[in-house]
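Me: Please take a close look at one part of this model and explain what is found there. I would like it in plain terms, with the surroundings added afterwards.

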Amino acid sequence: MSDRLSVLKTYKLYVGGKFPRSESGRVYEVQDGKGNWLANAPLSSRKDGRDAVVAARKAFGGWSGATAYNRGQVLYRVAEMLEGRREQFTREVAEAEGLSKSKAAAVVDAAIDRWVWYAGWTDKVGQVVGGANPVAGPFFNLSTPEPTGVVTVVAPQESSFLGLVSVIAPVVATGNTVVVIASEKSPLPALSLGEVLATSDVPGGVVNILSGRASEIAPALAAHQDVNGIDLTGADAALAKELEIAAADNLKRVRRPQPVEDFTADPGTGRLTTFLETKTVWHPTGSLGASGSSY
């Protein structure tokens, strides 16, 4: 049998449900833990970031307006598709994070389980953080959670795949759309995740994945007037401070980086509620209210 050349994968961004190269035409080398070349990844520009925000805003209305049950079905479909490509992601995570095959497989399994976890929470979180409030007077007082809007996430630099899923899934589970800056060191599993999302019924623009330097892309996103929140999980102290100052210009909701974050632990509901707003509605009670409704 004759020798054949390997078919090398061309990694691209995932923006608006499509797979563009960076508008700048730039790429950078991605290496494994031993310094061996793995692939060239797109080096995103600020223009790529702006394009991703436009896509995320366009998708927000449809995604936030979908039923919580439907969002759960879509997130579960992502887990199904990841399960079907488990071998590919095990290989990519092993190369990206310098893990043995067995440890990389455990990371991928945990990431799949994390999607399932958040898929199950989509139609339950409203009952946990919302409800009827006791008031003194002839009124109903109801509080319901609503998504914040477009959220930028600086993904973890280490634990790149499980950490990536752990910061994306809760944001979209609650109806937000997201622009993710993948780990600069290990972006390949994140870029491959875009291929899974594109075939998992996730509407284009709900999740947008950029690769490159967070120090270049994130400041423009933090200051962007159409970004409503920012998760600084993967930012170092200096960058986090810069982004938090930039985000204050239009009062974005900011999730600050934690000193120690164990993505293998039970995720709880903390990230689910970070980018939720509470809407409270008052309504008169009585035999016949002004609206014509009887109670």
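Reply:
**Strand S4 and beyond**

Phe 140 lies in strand S4, which covers residues 139-147. The model is a predicted one. Phe 140 counts as partly exposed because its relative accessibility is 36%, and partly exposed means between the buried limit of 20% and the exposed limit of 50%. Together with Leu 142 and Val 281, Phe 140 makes a nonpolar surface patch of about 240 Å².

Strand S4 also holds a charged residue, Glu 146. Side chains of opposite charge can pair when their charged atoms come close. The side chain of Glu 146 forms a salt bridge with that of Lys 279, at 3.0 Å from N to O. Lys 279 sits in strand S10 (residues 276-284), so the pair ties together parts that are 133 residues apart in sequence. Glu 146 is partly exposed, with a relative accessible area of 34%, and Lys 279 is also partly exposed, at 38%.

This pair belongs to a longer list, since a search of the whole structure finds 16 salt bridges. Another of them joins the side chains of Arg 86 and Asp 109, at 2.6 Å from N to O. Here Arg 86 in helix H3 is linked to Asp 109 in helix H4, 23 residues apart. Arg 86 is partly exposed, with a relative accessible area of 29%, and Asp 109 is partly exposed, at 28%.

Glu 261 and Arg 271 form a further salt bridge, their closest N and O atoms being 2.7 Å apart. Glu 261 is in the loop between strand S9 (253-255) and helix H10 (270-274), while Arg 271 is in helix H10, 10 residues apart. Glu 261 is partly exposed, with a relative accessible area of 27%, whereas Arg 271 counts as buried because its relative accessibility is 10% and the limit for buried is under 20%. Salt bridges that share partners also join Lys 9, Arg 85, Glu 92 and Glu 195 into one network.

Glu 92 is one of the buried residues of helix H3, which also include Phe 89 and Val 93. What covers the buried residues of H3 includes helix H2 (68-84), helix H4 (101-121) and helix H6 (160-173).

For the interior, the largest nonpolar core has 57 residues, and Trp 115, Phe 161 and Ile 209 are among those with the most contacts inside it. Helix H6 gives the largest share of this core, 10 residues. A second, separate core of 26 residues includes Val 15, Ala 55, Leu 221 and Val 227.

Terms used. Residues are numbered from 1 along each chain as its sequence is written. This is a predicted model: local features need pLDDT of at least 70, side-chain atom pairs count only at pLDDT 80 or more; totals for chains, interfaces and linings use all residues. Side-chain values use heavy atoms; hydrogens and water are left out. Patches are made of residues with over 30% relative accessible area and no salt bridge: like charges are joined within 9 Å, nonpolar side chains (Val, Leu, Ile, Met, Phe, Trp, Tyr) within 5 Å. Accessible areas come from the Shrake-Rupley method with a 1.4 Å probe; for residues, only the protein chains shown count as cover. A salt bridge is a side-chain nitrogen of Lys or Arg within 4 Å of a carboxyl oxygen of Asp or Glu. Helices (H or I, at least four residues) and strands (E, at least two) are DSSP runs, numbered from the N terminus. Buried means under 20% relative accessible area, exposed over 50%, partly exposed in between (1.4 Å probe, protein chains only). Contact means heavy atoms within 4.5 Å. A nonpolar core is a set of buried Ala, Val, Leu, Ile, Met, Phe, Trp, Tyr and Cys residues joined through side-chain atoms within 4.5 Å.
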